[in-house]
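Student: Before we begin, please show me the sequence and the structure. I will ask one thing at a time.

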Amino acid sequence: MGLQVIFSMWFLACIYGDIVKIDTTGASEKTAKQDKLTIKGVDASKKLAEHDLARMEKYKSIIIKVGKAKKMDPAVIAAIISRESRAGAALKDGCGDHGNGFGLMQVDKRSHKHVGAWDSEENVTQGTEILIDFIKKIKVKFPQWTQEQCFKGGISSYNADVKNVHSYELMDVGTPGDDYANDVVARAQWFKSKGY
């Protein structure tokens, strides 16, 4: 691996925080049951991500390109795609969440006018920009939080909005499975080990 690539990967990891340094409890029992898993926690999140890997590979070049352009860790984009749409497998005509979500990252049609086809670079870019906006809003709401804490809070907000985050420890309460950020962080750590 060249020095340029190593620096580039380090740079990506440092803009919003280092996903590997974020503590996580992983998937709840409820989330793990999506794939009939009898385990929960980080191990369950890894298994869920692993089940999505073959489908995710189809979008890897888009994910890495968007990550580089937006200075967002591609592993986090992949993890949100895994959680939100199971890399497209949970969607019908690009839609999920009872028709309210659109695309791989499930951009909420009630809050945003979606752009691009459901599996396009434009749509992944839009989802990534929404995530970045939430991270910035969490930084404003919790100025005393570390970069990694704000990163995790932004991930939780991507699902349930900034107003749902009241404390670091309980940020996922009210998200589906009460585990959104913890599950996404654990999946992201796994996807990072797979070259995302």
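**Helices, a sheet and some single residues**

Student: What distance should the 14 residues of α8 span at 1.5 Å a residue?
Tutor: A helix is a DSSP run of H or I with at least four residues, a strand is a run of E with at least two, and both are numbered from the N terminus. The expected span of a helix is 1.5 Å times one less than its number of residues. The end C-alpha atoms of α8 lie 20 Å apart, which agrees with the expected 20 Å.

Student: What kind of model is this, and what is left out of side-chain values?
Tutor: This is a predicted model, where local features need pLDDT of at least 70, side-chain atom pairs count only at pLDDT 80 or more, and totals for chains, interfaces and linings use all residues. Residues are numbered from 1 along each chain as its sequence is written, while side-chain values use heavy atoms and leave out hydrogens and water.

Student: How many of the 14 residues of α8 are buried?
Tutor: Buried means under 20% relative accessible area, exposed means over 50%, and partly exposed lies in between (1.4 Å probe, protein chains only). Among the buried residues of α8 are Tyr180, Trp190 and Phe191. Helix α8 is mostly covered, and its buried residues number eleven.

Student: Which helices do the buried residues of α8 pack against?
Tutor: Packing is judged by contact, meaning heavy atoms within 4.5 Å. By this test the buried residues of α8 pack against α2, α3 (42-56), α5 and α7.

Student: Is serine 193 buried or exposed?
Tutor: Serine 193 lies in helix α8. Its side chain reaches the backbone oxygen of tryptophan 190 at 2.5 Å. The relative accessibility of serine 193 is 53%, so this residue counts as exposed.

Student: Which residue with a positive phi follows α8?
Tutor: The phi in question is near 90°. The residue that follows α8 with this phi is glycine 195.

Student: Is α7 largely enclosed or not, and how many of its residues are buried?
Tutor: Helix α7 covers residues 147-160 and reaches 20 Å from its first C-alpha to its last. Its buried residues include Glu148, Phe151, Ile155 and Tyr158, and the buried set packs against α5 (74-85), α6 (121-141) and α8 (180-193). Helix α7 is largely enclosed by the rest of the structure, because its 14 residues include buried ones to the number of ten.

Student: Which residue just after α7 has a positive phi?
Tutor: The angle is about 80°. The residue is aspartate 161.

Student: Where is threonine 24, and which backbone oxygen lies 2.5 Å from a polar atom of its side chain?
Tutor: Threonine 24 is in the loop between α1 (3-15) and α2 (29-32). A polar contact is a pair of N or O atoms within 3.5 Å; within protein, one must be able to donate a hydrogen and the other to accept it, and residues adjacent in sequence count only if both atoms are side-chain atoms. A polar atom of the threonine 24 side chain lies 3.0 Å from the backbone nitrogen of glycine 26. The oxygen at 2.5 Å belongs to asparagine 182.

Student: At what angle do the axes of α3 and α5 cross?
Tutor: Axes are lines fitted to C-alpha atoms, for helices over the stretch in contact, and angles run from 0 to 180 degrees between N-to-C directions. Angles under 35 degrees count as roughly parallel, over 145 as roughly antiparallel, 65 to 115 as roughly perpendicular and the rest as oblique. The two axes come within 10 Å and cross at roughly 105°. That makes α3, relative to α5, roughly perpendicular.

Student: Which strands stand at the edges of the open sheet?
Tutor: Two strands pair if DSSP finds at least two bridges between them. The sheet has three strands in the order β1-β2-β3, with antiparallel pairing. Each edge strand has a single partner, so one side of each is left without a neighbour in the sheet; these strands are β1 (95-96) and β3 (107-108).

Student: Which residue of β3 stands opposite phenylalanine 102?
Tutor: Strand β2 (residues 101-102) pairs with β3 in the antiparallel sense over two bridges. Opposite phenylalanine 102 stands valine 107.

Student: Is histidine 98 buried or exposed?
Tutor: Histidine 98 is in the loop between β1 and β2. Although not a glycine, histidine 98 has a positive phi of about 55°. At 80% relative accessibility, histidine 98 counts as exposed.

Student: What is the relative accessible area of aspartate 178?
Tutor: Aspartate 178 is in the loop between α7 and α8, and has a positive phi of about 50° although it is not a glycine. Aspartate 178 is partly exposed, with a relative accessible area of 48%.
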